[in-house]
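Trainee: Got a minute to go through this one with me? I'd like to start with a helix.

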Amino acid sequence: MFVTTLTWALLAGYGSLIFYLVHQTTPQRVTAPEFFEGQSKNGEVPGQWLLIASAAISWIFAKSIDNAASLGNAFGILGGIGYSIYYLSFVTAAIALYFIRTRGGYRSIPEFLVGKYGKLCSRLFLIAIAIRLINEVWSNTKVFSLYFGAEGSLGYWLAALIVTLFTVYYSLLGGLRSSLLTDGAQMLLAAVLLVVILITLGPGLVNQGLPVVDADTRLAGLTFCGLAFVQIFSYPFHDPVMTDRAFITGPRTMVRAFIWAGVISGGFILLFSSVGLYARAFGVEGAPSYTVPALFGLPMLLVFNAIMLTSAGSTLDSTFSSVAKLGARDWDNRKGQPTETQAFIGRWWIIAIALLGNVPLLSIYMGDQVGPAIIMATTISGTMVMGLAPIFLLAFLPGAGALSFHLAFWPGLIAGVLRVLENALSTTIFPAWMSLGGGRYAIDLGVNVYGLILCTAGYLIGAWWGSRTQNSAEGRPVS
């Protein structure tokens with residue numbers, strides 16, 4: 001009972017801190033540019049370090065922290081390194097979006113997609129990222145709610161309800177502006193909590209040494225590292241939490257901020273994987289994010305609870321602000337200064353995603369087969385969006401247009417769906433010869449490598465055909 005009381009007191013303290021920050025920094029009614037673009041009330045764009053903190057903490061979401069610990073436990077240090085490789089996505093995004101902004105003159109990704117590939121292609125892309133945003137809601141809600149009770153318990157559901165409603169409240173108030181300002185405080189808090197965790201676990205790991213893994217586990221870890229590296233060329237483009245922030249400051253400021261954010265958030269994830277290393281070194285059974293802090297008693301449990309709340313809260317408010325922009329501006333490619341009508345529509349989209357995004361949590365009541373299938377169906381994996389790599393990275397090739405988009409987008413999506421079905425149905429779809437490396441990610445690496453080659457080839461064929469058609473229309477020789 002005492003532990004439960006302290007856990008809820010921690011939640012109340014976190015809520016009070018964020019409530020105070022929001023009302024100190026955000027007026028009762030923000031303007032549309034503040035709501036969608038994060039500008040100050042004086043019309044100033046966010047500063048570089050605010051953008052760095054916001055971008056970094058928005059990618060240190062509760063699920064990623066849990067994954068880092070689990071991968072460290074599964075593969076040793078290679079698990080943490082592999083997961084931190086994903087944070088090189090910031091570099092990929094920074095370079096691609098810099099040229100999209102400076103060379104193409106585009107002011108948003110939907111504007112770029114409509115201008116380059118057409119409205120249909122833009123909407124296909126937006127549907128894909130909408131599913132990703134739904135996934136962000138339930139996955140983060142679930143991770144932090146488990147600290148308040150077993151899945152399905154009263155404490156679990158109360159925590160999910162309270163944090164969701166609270167985050168919706170201040171997201172409705174300030175949109176992206178509230179998200180940016182609370183992200184700065186959440187980043188500082190997360191950093192302090194990480195230091196506490198490292199100070200607690202460090203001596204034991206130093207004395208015990210990093211866990212030794214056998215050859216098969218080492219190969220599996222290297223395979224996962226390879227998978228992460230392949231996916232960084234497509235993964236960042238289907239995350240509007242990241243890409244929305246790429247258009248709210250000057251291009252050069254964005255590049256510097258994104259590189260710093262990648263270093264900070266990737267370093268955070270690598271260091272947090274020490275929780276999994278500790279579990280492996282000392283033979284701790286169960287999910288490391290829950291079992292390791294239990295070894296050190298109530299204070300460490302509260303620290304882990306706080307870091308999960310902080311990371312989940314920062315991701316949820318960023319998700320809500322991205323959904324508002326997607327529904328009110330991006331879907332119809334609305335250009336120019338944001339309007340108050342668009343802000344009104346965006347607020348209703350926030351309410352909608354808060355409800356819809358938590359529906360998958362109800363899957364625990366739908367049976368052993370239906371529940372996991374629903375969860376799997378809501379998950380857009382890095383495999384499904386592999387075709388986004390050429391769509392963004394090769395966008396300025398002569399002749400590239402709608403055909404290039406489709407020849408890259410659909411093969412990747414189909415491969416990803418088949419891989420999801422393969423896991424969900426426990427069947428074999430992809431032949432064994434496609435595996436690269438070893439361990440449970442071998443087939444994923446093979447599908448991603450061969451799939452990326454296929455998607456890129458499709459894109460290049462589309463560009464060649466586009467150039468050929470253009471030359472023919474202009475009366476020039478066709479090769």
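Mentor: Sure. Start with helix 13, where Ser274, Val275, Gly276, Leu277, Tyr278, Ala279 and Ala281 are buried. Keep in mind that this is a predicted model.

Trainee: How many of the residues of helix 13 are buried?

Mentor: Helix 13 covers residues 274–281, and 7 of its 8 residues are buried. That makes helix 13 mostly covered.

Trainee: What do the buried residues of helix 13 pack against?

Mentor: Six partners are listed: helix 4, helix 5 (77–85), helix 9 (154–208), helix 12 (251–272), helix 14 (288–295) and helix 15.

Trainee: And just after helix 13, which residue takes a positive phi?

Mentor: Gly283, with a phi of about 65°.

Trainee: Helix 4 was on that partner list. How many of its residues are buried?

Mentor: In helix 4, 10 of 14 residues are buried, so to speak a mostly covered helix. Among them are Ala62, Ile65, Ala68, Leu71 and Phe75. Polar and charged side chains are there too, including Ser64, Asp66 and Asn73.

Trainee: What span should helix 4 have, at 1.5 Å a residue?

Mentor: Helix 4 runs over residues 62–75 and should span 20 Å. Its end C-alpha atoms are 20 Å apart, so the two agree.

Trainee: What follows helix 4?

Mentor: Gly76, and its phi is positive, near 75°.

Trainee: Let's zoom out. How many helices and strands does the protein chain have?

Mentor: The chain has 20 helices and 0 strands. Its radius of gyration is 22 Å, and the globule rule gives 23 Å for 479 residues, so the chain is as compact as a globular protein of that length.

Trainee: What are the spans along the principal axes?

Mentor: The C-alpha trace spans about 80 × 60 × 45 Å. Buried residues make up 54% of the 479.

Trainee: What share of the contacts joins residues 24 or more positions apart?

Mentor: 82%, counting contacts with a separation of 6 or more. For a single pair, take Val359 and Trp138: 221 residues apart in sequence, but 7.5 Å apart in space, C-alpha to C-alpha.

Trainee: Where does Val359 lie?

Mentor: In the loop between helix 16 (340–358) and helix 17 (367–377). Its relative accessibility is 40%, so Val359 counts as partly exposed.

Trainee: New topic. How many cavities of 30 Å³ or more are there?

Mentor: The structure holds 2. The largest cavity has a volume of about 70 Å³. Residues lining it include Ile109, Phe125, Leu126, Phe237, Phe247 and Lys325.

Trainee: Which element gives the largest share of that lining?

Mentor: Helix 8, with 3 residues. By class, the lining of the largest cavity has 8 nonpolar, 1 polar and 3 charged residues.

Trainee: And how much space lies in the second largest pocket?

Mentor: About 430 Å³. It is lined by 26 residues, and the closest to its centre are Glu37, Arg107, Ser108, Phe247 and Arg329. Phe247 also lines the largest cavity.

Trainee: Which helix gives the most to the pocket lining?

Mentor: Helix 15, with 6 residues. Helix 2 (32–37) supplies at least two.

Trainee: How does the pocket lining divide by class?

Mentor: Into 7 nonpolar, 8 polar and 11 charged residues.

Notes: Residues are numbered from 1 along each chain as its sequence is written. Side-chain values use heavy atoms; hydrogens and water are left out. Helices (H or I, at least four residues) and strands (E, at least two) are DSSP runs, numbered from the N terminus. The expected span of a helix is 1.5 Å times one less than its number of residues. Buried means under 20% relative accessible area, exposed over 50%, partly exposed in between (1.4 Å probe, protein chains only). On a 1 Å grid over the protein atoms alone, a cavity is a set of points where a 1.4 Å probe fits but cannot get out, and a pocket is an open set with protein on both sides within 12 Å along at least five of seven lines; lining residues have an atom within 4 Å of a point. Grid points are joined across faces, edges and corners, and a volume is the space filled by probe spheres set on the points. The radius of gyration is taken over C-alpha atoms; the globule rule is 2.2 Å times the number of residues to the power 0.38. Contact means heavy atoms within 4.5 Å.
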